[in-house]
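Hi everyone, thanks for making time. I'll walk you through one structure today, so have a look at it first and then we'll go through it together.

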Amino acid sequence: MSKNVKLRSGRDRLRYTILFEAVLFAMLIPAGAIFFGKELADIGVLGAFLLVKAVLLGLLYNWVFDKVDARRGRVSSDRRLPGRIVHAVGFELTLLITSVPIYCWWLNITVVEAVMVDLVVTSLVVAYTYLFTLAYDRLFPVVARVEQN
């Protein structure tokens with residue numbers, strides 16, 4: 001018996017991404033505006049800037065990490081657990097290091113406050129990602145089909 005697993009289509013992935021970001025912005029932007037006493041537009045611009053930064057940084061970070069793997073004779077898709085942990089933690093630290101100065105400048109807060117903001121936002125996004133993906137999978141399930149030879 002062979003299994004053919006159906007994957008999400010490109011359209012489905014695009015829908016997921018757009019809904020994910022839209023709902024996240026709809027929650028974080030008003031919360032940030034209230035918490036910091038800023039206008040929605042101010043926090044919205046900050047959020048959009050941080051999103052673009054994260055996407056671009058992710059592209060660069062993953063490219064560099066893959067190059068390092070390749071130089072050591074490893075294929076990125078074959079990374080083991082320790083390599084995946086280093087990759088994930090390194091990326092989050094890179095995001096933190098590059099976001100703190102932006103938070104400090106944009107929100108006029110201290111470095112310690114900016115680190116705390118980043119840690120809280122990151123924690124919320126991790127929990128949100130879990131819950132959003134669970135809900136999305138329930139609303140838009142991928143139907144797997146099994147074919148027999």
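**Starting from Thr129**

If we set aside the neighbours within four places in sequence, Thr129 is in contact with Tyr16 and Phe20. Before I go on, please keep in mind that this is a predicted model.

So where does Thr129 sit? It's in helix α4, which covers residues 111–139. And is Thr129 buried, partly exposed or exposed? Its relative accessible area is 28%, and since buried means under 20% and exposed means over 50%, Thr129 comes out as partly exposed. One more thing about this spot: Thr129 and Leu24 are 105 residues apart along the chain, yet their C-alpha atoms are separated by 9.1 Å.

Okay, on to the pockets. The largest pocket has a volume of about 970 Å³. What lines it? There are 36 residues in the lining, and those nearest the centre are Leu28, Tyr103, Val121, Thr122 and Val125. The elements giving two or more residues to that lining are α1, which is residues 10–36, plus α2, α3 and α4. Of these, α1 gives the most, with eleven residues. If you sort the lining by class, you get 26 nonpolar, five polar and five charged residues.

Next, a pair of helices. Helix α2 runs over residues 40–71 and helix α3 over residues 81–107. How do they pack? The angle is about 145°, and the axes are 10 Å apart. The crossing of α2 and α3 is right-handed. As for what makes up that contact, it's 16 nonpolar, eight polar and two charged residues.

Those two helices bring us to the second largest pocket, which has a volume of about 200 Å³. Its lining includes Phe65, Val68, Asp69, Arg74, Arg79 and Val86. Here α2 and α3 are the elements that give two or more residues. By class, this lining has five nonpolar, one polar and six charged residues.

Let me pick out Asp69, one of the residues lining that second pocket. Asp69 is in helix α2. Is Asp69 buried or exposed? With a relative accessible area of 3%, Asp69 is buried, because the cut-off for buried is under 20%. And which residues does Asp69 touch, not counting those up to four places away in sequence? Arg74, Ser76 and Arg79. Two of those names, Arg74 and Arg79, you've just heard in the lining of the second largest pocket.

That's my tour, and I'm happy to go back to any part of it.

How values were computed
Residues numbered from 1 in each chain as written. Predicted model: local features only at pLDDT ≥ 70, side-chain atom pairs only at ≥ 80, totals over all residues. Heavy atoms only, no water. Axes fitted to C-alpha atoms, helices over the stretch in contact; angles between N-to-C directions. Helix = DSSP H or I, 4+ residues; strand = E, 2+ residues; numbered from the N terminus. Left-handed = near helix turned anticlockwise from the far one by under 90°. Nonpolar A, V, L, I, M, F, W, Y, C, P; charged D, E, K, R; others polar. Buried < 20%, exposed > 50% of the residue type's maximum accessible area, 1.4 Å probe, protein only. Contact = heavy atoms within 4.5 Å. 1 Å grid on protein atoms, 1.4 Å probe; cavity = no way out; pocket = protein on both sides within 12 Å on 5 of 7 lines; lining within 4 Å. Points joined across faces, edges and corners; volume = space filled by probe spheres on them.
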